[in-house]
Each structure stands twice: as C-alpha cells, then as structure tokens.
Amino acid sequence: MGKDIKRIAVFTSGGDAPGMNAALRAVVRTASFHDLHVYGINRGYEGMIDGDLKRLERRDVANIIHRGGTILKTARSKRFMEAEGRQQAFESLQAFDIDACIAIGGNGTFTGAHVFGQEHPMPFMGIPGTIDNDLYGTDYTIGFDTAVNTAIEAVDRIRDTADSHNRLFFIEVMGRHAGYIALHTAIASGAESVLIPEIETSLESLVDRLRKNAKRKKLFSLIIVAEGTPLGNATEIARKISEHISDFEIKVTIIGHLQRGGAPNGLDRVLASRLGHSAVEGLLNGKSDKMVGILNDEIVYTPFEDAIYKQKDINNDLVRMSEILAM
Ligand code: F6P
C-alpha cells in the first residue's frame, strides 16, 4: 500500500442518515490499523472552512455503532459552493497537514468534493450516506434500509386506523428526486398504490383505481407518496383526489424526519462498516475522486462524476410487481 497518506480527515455532510456513525467508526479504526492519524471535521464543509477539526482515536468512536444521527454533526454549506469558501477550506486542511479526505454524504456532498478536487490537490473518497438510495454506483446507500423500516412501521400503524374507519390515507415519505423509499415501503406494507418522482401517474388513472376499489367494497386504502412526484406532494394529491372521489374520507400523514432518525438496523451497520473500511483502503491504494459502493456484494469504486450525474434507474420490475400484488 502507498505510504504517502499519513493524515486523513473525515466528515459527514448533507442530510444525516442512520449508520453514518458506524461508517465513521470503520474509517477511524481502519485508518488506525494502518497507522494513519484521523481528524474528524465538525459540521461538514462548514467546519472544513472554519478549521473545526479534532483528532479522533480508536476509543473516540467506541459506543457509536448503534447511534443514529452523526456525532460529527452535519450541514448543507452554501459557503462551500463559492470558490472563496473552498479556498479557505483548503487552507484549513493544510494547516492540519491533511493528506486526504473522506466525505460521508449524498449527491450534493460529492458534487462539492468533485469540484474541490479539480481546484486543489487533495485526494477525496466518498461514502454514500443518504436515506434516499439515489446514488449510481452502489446497490444501497447507508440509512436507506433503516428509513424504509421506520416508514413501514408507521404505515402498519396507519393501516389499523384506516381499516377501523374505512378511510383513504395518503402517506408521504421522503425522496424529493427519488422513489426508492416510497417503492420499498409500498411493497413491504402492502399499500394500494405508490407515487414516485420517476414515474408519471395521471390523476385520472388514480381516481379510476380508487373508484374500482370502492365498487368492489374495498373499504380502506393506503397510498404511499414520495415528496416530489409529478402530481405534487401528498397534501396536494389528496386535495385533487377529494374533488373526484366521495366514497372515502381522506386523510394525509407525512412521516417526514422520523425516517432520518433512530438506530441503524443490522444491514445498515454492516454496510456502513464495509464502506468505511473500504474507503480508507481505497485511498491507500491510490484511489481518489471516487465513491465507494457495493454492487452485487462486491466493493466498487465509482468516479464521483458518474455517481453524481448518472441516473440510478428505478427497478421497473419492482414497480410492475407492486402494482400486481396490490390488485
Ligand atoms: O436527502 C435526504 C433527505 O432526507 C430527502 O429525502 C429530503 O427531501 C431532504 O433530505 C430533506 O432535507 P432537510 O432535512 O434539509 O429538510
């Protein structure tokens, strides 16, 4: 393994995701195994600009593998979008003699890292940490499975009350640009229908489906809606539907940030550990400007450019199956 890298900095950025702490632990412990010094940057790119770094040793990441959120805190930094902010960040990293960085985050985080890497000589590795699962180059992102399970638990509870009152519920889950959480939640909770950003669903077809349900005496319905569908969010869709359907009393539940918190489940802890470990070893093997991911159970390093700009297609077989199973 190359010996050029002696000090690495690690940070979390963008929306937090359950499992970020487990990834951080894996980074620190793998780095320490390779005799590297690790610095944790607080508040993502904001802390990088402000020079808010602290040394992290093996014991500093004890007792965090099970914790949701991120002990390093996170932020969406506007200052880092400007060249001046990035220059300041580079100077802060130089002041701590940092040789390479590891970013745990999503699309916006890697966009920042990629631009930074073009302006400044700093090797960068990304770890996909976002509940949205919307990154090309990995089958799953850290936090997705936990978020889906949180949503499923909520939908199961809503099912009880929807059934008792014969109501139609529109349940909104997160995902402004990606329907993975919605699709998986809908399949696993046996929802009637799912509306996602990637697929155009007409109001007419939805109304038609609900009318058919009412005709065959299906007395309650659960519809999962991703935040950013072409038809609008759950509240907007519920309002439009209420103008056409009077067979059901309509209610809306927004699960919201509940999906972002809580302890990571087993899958996310293992995923985070594997990705954190491989991020450090990838850097030591000379990889940079890349995101580490897992495809078909194999560690893969995808250029940031692809991870950011290539579309991770929604699985159309899953969409079709969810429709068949809901009939
Ligand atoms: O990217 C993760 C995510 O949770 C999205 O699903 C959601 O649209 C967004 O972040 C919400 O961001 P914030 O917490 O800043 O409101």
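Here a biologist and a modeller chat about a predicted model and the ligand in it.

Biologist: What makes the pair of Arg76 and the ligand a polar contact?

Modeller: An N or O atom in the Arg76 side chain is 2.9 Å from an oxygen atom of the ligand. The cut-off for such a pair is 3.5 Å, so this one counts as a polar contact.

Biologist: And how do you know that Arg176 and Glu227 make polar contacts too?

Modeller: Same kind of check. For Arg176, a polar side-chain atom lies 3.1 Å from a ligand oxygen, and for Glu227 the value is 2.7 Å. Both pairs are within 3.5 Å, so both count. As for cover, the ligand taken alone exposes 390 Å², and the protein buries 77% of that.

Biologist: Why do you say that Ile131 and His257 surround the ligand?

Modeller: They're on the list of surrounding residues, along with others including Asp132, Met174 and Arg260. A residue gets listed if one of its heavy atoms lies within 4 Å of the ligand, so Ile131 and His257 pass that test.

Biologist: What makes five residues of that shell charged?

Modeller: Asp, Glu, Lys and Arg count as charged, so Arg76, Asp132, Arg176, Glu227 and Arg260 go in that class. The shell also has two nonpolar and two polar residues.

Biologist: How do you know that the shell draws on both domain 1 and domain 2?

Modeller: Each of them gives at least three residues to the shell. Their centres are 34 Å apart, taken over C-alpha atoms.

Technical notes. Residues numbered from 1 in each chain as written. Predicted model: local features only at pLDDT ≥ 70, side-chain atom pairs only at ≥ 80, totals over all residues. Heavy atoms only, no water. Polar contact = N/O pair within 3.5 Å; in protein donor to acceptor, adjacent residues only side chain to side chain. Areas by Shrake-Rupley, 256 points an atom, 1.4 Å probe, with all protein chains shown as cover. Domains from an automatic or database assignment.
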